Amino acid sequence: CQAALDLLMSQVAAALDDDTLLVLDDFQLADERPELRAVFEHMLPALPPRLHLLISSRSQPALAALPTALVRGEALPISLADLAFTPDEAGGLLALYDQQPADLPALIELTRGWSLALHLAAAAPSAPSWAATLAAVTPHLHEYFEREGLAPQPEPVRELLLHNAPLRGLEADPRAAAPGGGAPRLFSTTH
């Protein structure tokens, strides 16, 4: 497998005549599979100079080469806080919708500066407060969560999430909250 990967990387290097960005989205899925992570571990040091890699993940990748790349300045981590809109950016976005809220800090706190939530709040019909405005667009957020958060999960995990969504917290033993008595099976597959 490593010889094939080395051959592929040399062919990519020969074919690149300009800087190219390779995006690996949802890398947390590759991180869960050691054999797939090993491919990327081998590939990272062999990247051609014109091939730049962007890894998008919902968690810090467990790549052994990452700390070295960070120290060398070859990698740049971008966190949720880095992506959140600042007050000036949020104000600029809302100005595009002809809105200048007096409670901009409250809106940023409510949305955590998340671009999609700010867009939805700005595009929503007028409401007495930003909380009410976001409540008006909540069905869109639910659709997004169903598609991006729930749909990829195995059925027992979806059931657990849906069963416990309205709760403020879980029991001391979260297995007791699993629907259908499938707690031992569910938690043996998720941990």
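In which helix is L83 found? In this predicted model, L83 belongs to helix α5, which spans residues 80-83. The report below starts from the overall architecture, returns to α5 and its surroundings, and then treats the salt bridges and the loops.

**Overall architecture**

The protein contains 11 helices and 2 strands. Along the sequence these elements follow the order α-β-α-α-β-α-α-α-α-α-α-α-α. Of the 191 residues in the protein, 25% are buried.

**The nonpolar surface patch**

L83 takes part in a nonpolar patch on the surface, together with L76, I78 and L80. The combined accessible area of these four residues is about 510 Å². L83 has a relative accessible area of 56%, and it is classed as exposed because this value lies over 50%. L80 has a further spatial relation: its C-alpha lies 9.3 Å from that of R112, although the two residues are 32 apart in sequence. R112 is located in the loop between α7 and α8, and its relative accessible area of 73% makes it exposed.

**The largest pocket**

The largest pocket has a volume of about 2000 Å³. Its lining is made up of 49 residues, and those nearest the centre of the pocket are I55, S56, S57, I78 and S79. I78 thus appears both in this central group and in the nonpolar surface patch.

Several secondary-structure elements each supply at least two residues of the lining: strand β2 (51-55) and helices α4 (66-71), α5, α7 (104-111), α8 (115-123) and α9 (130-150). Helix α9 provides the largest share, with 6 residues. By class, the lining of the largest pocket comprises 30 nonpolar, 12 polar and 7 charged residues.

**Salt bridges**

The structure holds 3 salt bridges. They are set out in the table, with the N to O distance of each pair and the relative accessible area of each partner.

| Salt bridge | N to O distance | Acidic residue, relative accessible area | Basic residue, relative accessible area |
|---|---|---|---|
| D18 and R50 | 3.9 Å | D18, 49% | R50, 38% |
| D31 and R37 | 3.2 Å | D31, 10% | R37, 22% |
| R33 and E35 | 3.0 Å | E35, 47% | R33, 45% |

The salt bridge of D18 with R50 has its closest N and O atoms 3.9 Å apart. This pair links distant parts of the chain, its members being 32 residues apart: D18 is in the loop between α1 (2-15) and β1, while R50 is in the loop between α3 (34-43) and β2. D18 counts as partly exposed at 49% relative accessibility, and R50 is likewise partly exposed at 38%.

In the salt bridge between D31 and R37, the aspartate and the arginine fall into separate accessibility classes: D31 is buried at 10%, whereas R37 is partly exposed at 22%. The cut-off for a buried residue is under 20% relative accessible area, so D31 meets it and R37 does not. In the bridge of R33 with E35, R33 is partly exposed, and E35 is also partly exposed.

The loop between α3 and β2 that holds R50 also contains P49. P49 counts as exposed at 75% relative accessibility. The C-alpha atoms of P49 and T20 are 9.5 Å apart in space, with their positions 29 residues apart in sequence numbering.

**Loop residues with positive phi**

Which backbone angle draws attention to D26? D26 has a positive phi of about 55°, although it is not a glycine. Most residues other than glycine have a negative phi. D26 is placed in the loop between β1 (20-24) and α2 (27-31), and at a relative accessible area of 32% it is partly exposed.

D98 also has a positive phi, of about 60°, without being a glycine. This aspartate lies in the loop between α6 (87-96) and α7. D98 is exposed, with a relative accessible area of 72%.

Methods: Residues are numbered from 1 along each chain as its sequence is written. This is a predicted model: local features need pLDDT of at least 70, side-chain atom pairs count only at pLDDT 80 or more; totals for chains, interfaces and linings use all residues. Side-chain values use heavy atoms; hydrogens and water are left out. Patches are made of residues with over 30% relative accessible area and no salt bridge: like charges are joined within 9 Å, nonpolar side chains (Val, Leu, Ile, Met, Phe, Trp, Tyr) within 5 Å. Accessible areas come from the Shrake-Rupley method with a 1.4 Å probe; for residues, only the protein chains shown count as cover. A salt bridge is a side-chain nitrogen of Lys or Arg within 4 Å of a carboxyl oxygen of Asp or Glu. Helices (H or I, at least four residues) and strands (E, at least two) are DSSP runs, numbered from the N terminus. Buried means under 20% relative accessible area, exposed over 50%, partly exposed in between (1.4 Å probe, protein chains only). On a 1 Å grid over the protein atoms alone, a cavity is a set of points where a 1.4 Å probe fits but cannot get out, and a pocket is an open set with protein on both sides within 12 Å along at least five of seven lines; lining residues have an atom within 4 Å of a point. Grid points are joined across faces, edges and corners, and a volume is the space filled by probe spheres set on the points. Ala, Val, Leu, Ile, Met, Phe, Trp, Tyr, Cys and Pro count as nonpolar, Asp, Glu, Lys and Arg as charged, and the others, Gly among them, as polar.
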